[in-house]
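Please look at the sequence and the structure below, and keep both in view while reading. The report describes two helices, the packing of the interior and an enclosed space.

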Amino acid sequence: MESCATCHTQKIAIIGAGAVGATTAYTLMLKNLAAEIMLIDVNEAKEEGEVMDIDDILSYVETGAIKGADFKDAANADIIVLTAGAAQKPGETRLDLVNKNKAICASIFKSIGKIKPTAIIVVVANPVDIITCLVQNISGLDNSHVFGTGTSLDTARLRTEIGKALGVSAQNVDGYVLGEHGDTEFDAFSTVSVGGILIKDLKLPKAKLYEIEEKVKNAAYEIISRKGATFYGIAMTVADIVEAILFNQHKIMPLPVNLNGWNGISGVCLSAPAVLGRQGVEKVWPLKLSGSEKRRLQKSAKAIKKFL
Ligand code: NAD
């Protein structure tokens, strides 16, 4: 890959060395995205074991160091990735985690202290939309520097399924899953195109689109019921976000950002297409949703506002 001049001085702190945190560290290193990675977990043995295991790839990658660190060290990181918290058990929804993970998140930011103002925080812990709103309130950073992974992972899943259905690369599929990263999320089919052709003109049967939407929405449940956790896809999603920040790509990605009138929604963090670069979220893309998609966005907003 192209080398990144600023990556050679960038420090990334990953809070939580569980399945998602450790896989994210490994993925960022394989993609040569940081000079130094700090793993931080309350479970010191787990943190140490992951650092020792990942240390073994240092002679193959450009990253200078991966090390265990304290919460206070995260205050000087360029990017903080928040993965600490309870994960869904089979049958649990993401919203079931809200109270536990709100408390964990609050205690973490208290321990970190004052974060440098240029830092960017990427929230992964679920329910990601609610935790993003909370971190915006307690981190002391500008809202444009605090966002989550949101429906980026769901969007990757949608692109894969549509690519498979049409026999083309997922990379030729454009368009988004929007709203809550959870049960009220929706595939915004009015935004989907493949190789320049709108999905509505590609004559995929309605039943197939419905099947794809259900598969995307339920993917985490299906994976968790078989192997207990999801971590490869989300690790690559975080790497994609980190890459957009460090290379100042101005890339449009569906991320939970605090909406201010976007398609009629305000005062809540929900995934909308956001332009992402080194300064964080530069703006929300002025995409106009269809009437039924707007209603589904409202449903997501209602589901999330209950918990704020
Ligand atoms: P995990 O149980 O494997 O790891 C969680 C880690 O957090 C553990 O190592 C635990 O010791 C640590 N932890 C708990 N409290 C902490 C604290 N106060 N400070 C530091 N570390 C602490 O779980 P996981 O599978 O890695 O999932 C982590 C989170 O990511 C969950 O909330 C999960 O739902 C979420 N997740 C989000 C997405 C997404 O698309 N946004 C995808 C997958 C998982």
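What follows is a short account of a predicted model, beginning with its helices and ending with a cavity.

**Two helices**

The table sets out the lengths of helix α1 and helix α5.

| Helix | Residues | Number of residues | Expected span | Distance between end C-alpha atoms |
|---|---|---|---|---|
| α1 | 19-30 | 12 residues | 16 Å | 17 Å |
| α5 | 152-166 | 15 residues | 21 Å | 21 Å |

The expected span of a helix is 1.5 Å times one less than its number of residues, so the 12 residues of α1 should span 16 Å, and the 17 Å between its end C-alpha atoms agrees with this. For α5 the reasoning runs in the same way, because 15 residues at 1.5 Å a residue should span 21 Å, and its end C-alpha atoms are 21 Å apart.

Helix α1 is mostly covered, with 9 of its 12 residues buried, and among these buried residues are V20, A22, A25, L28 and M29. The partners against which the buried residues of α1 pack are the strands β1 (11-15), β2 (36-40) and β3 (65-68), together with the helices α2 (44-55) and α7 (232-246). After α1 comes N32, whose phi is positive, near 55°.

In α5 the buried residues include L153, L158 and I162, as well as D154, R157 and E161. The buried residues of α5 pack against β7 (173-178), β8 (186-194), α6 (206-227), α7 and β10 (251-262). Just after α5 stands G167, which takes a positive phi of about 70°.

**The nonpolar cores**

Which residues touch the most other members of the largest nonpolar core? They are F147, L255 and L276, in a core of 56 residues. Helix α7 gives this core its largest share, 8 residues. Leaving aside residues up to four places away in sequence, L276 touches several residues, including F147, I241, A244, I245, L255 and V281, and its contacts also include Q249, H250, K251 and E282. Another core, of 26 residues, lies apart from the largest one, and A75, I112, A119 and L134 are among its members.

**The cavity**

Rolling a probe the size of a water molecule over the atoms shows where empty space is left. The structure holds 1 cavity of 30 Å³ or more, and about 30 Å³ of space lies in the largest cavity. Its lining is formed by Q88, K89, P90, G91 and E92, along with A220, Y221, I224 and S225. By class, this lining has 4 nonpolar, 3 polar and 2 charged residues.

Methods:
Residues are numbered from 1 along each chain as its sequence is written. This is a predicted model: local features need pLDDT of at least 70, side-chain atom pairs count only at pLDDT 80 or more; totals for chains, interfaces and linings use all residues. Side-chain values use heavy atoms; hydrogens and water are left out. On a 1 Å grid over the protein atoms alone, a cavity is a set of points where a 1.4 Å probe fits but cannot get out, and a pocket is an open set with protein on both sides within 12 Å along at least five of seven lines; lining residues have an atom within 4 Å of a point. Grid points are joined across faces, edges and corners, and a volume is the space filled by probe spheres set on the points. Ala, Val, Leu, Ile, Met, Phe, Trp, Tyr, Cys and Pro count as nonpolar, Asp, Glu, Lys and Arg as charged, and the others, Gly among them, as polar. Helices (H or I, at least four residues) and strands (E, at least two) are DSSP runs, numbered from the N terminus. Buried means under 20% relative accessible area, exposed over 50%, partly exposed in between (1.4 Å probe, protein chains only). Contact means heavy atoms within 4.5 Å. A nonpolar core is a set of buried Ala, Val, Leu, Ile, Met, Phe, Trp, Tyr and Cys residues joined through side-chain atoms within 4.5 Å.
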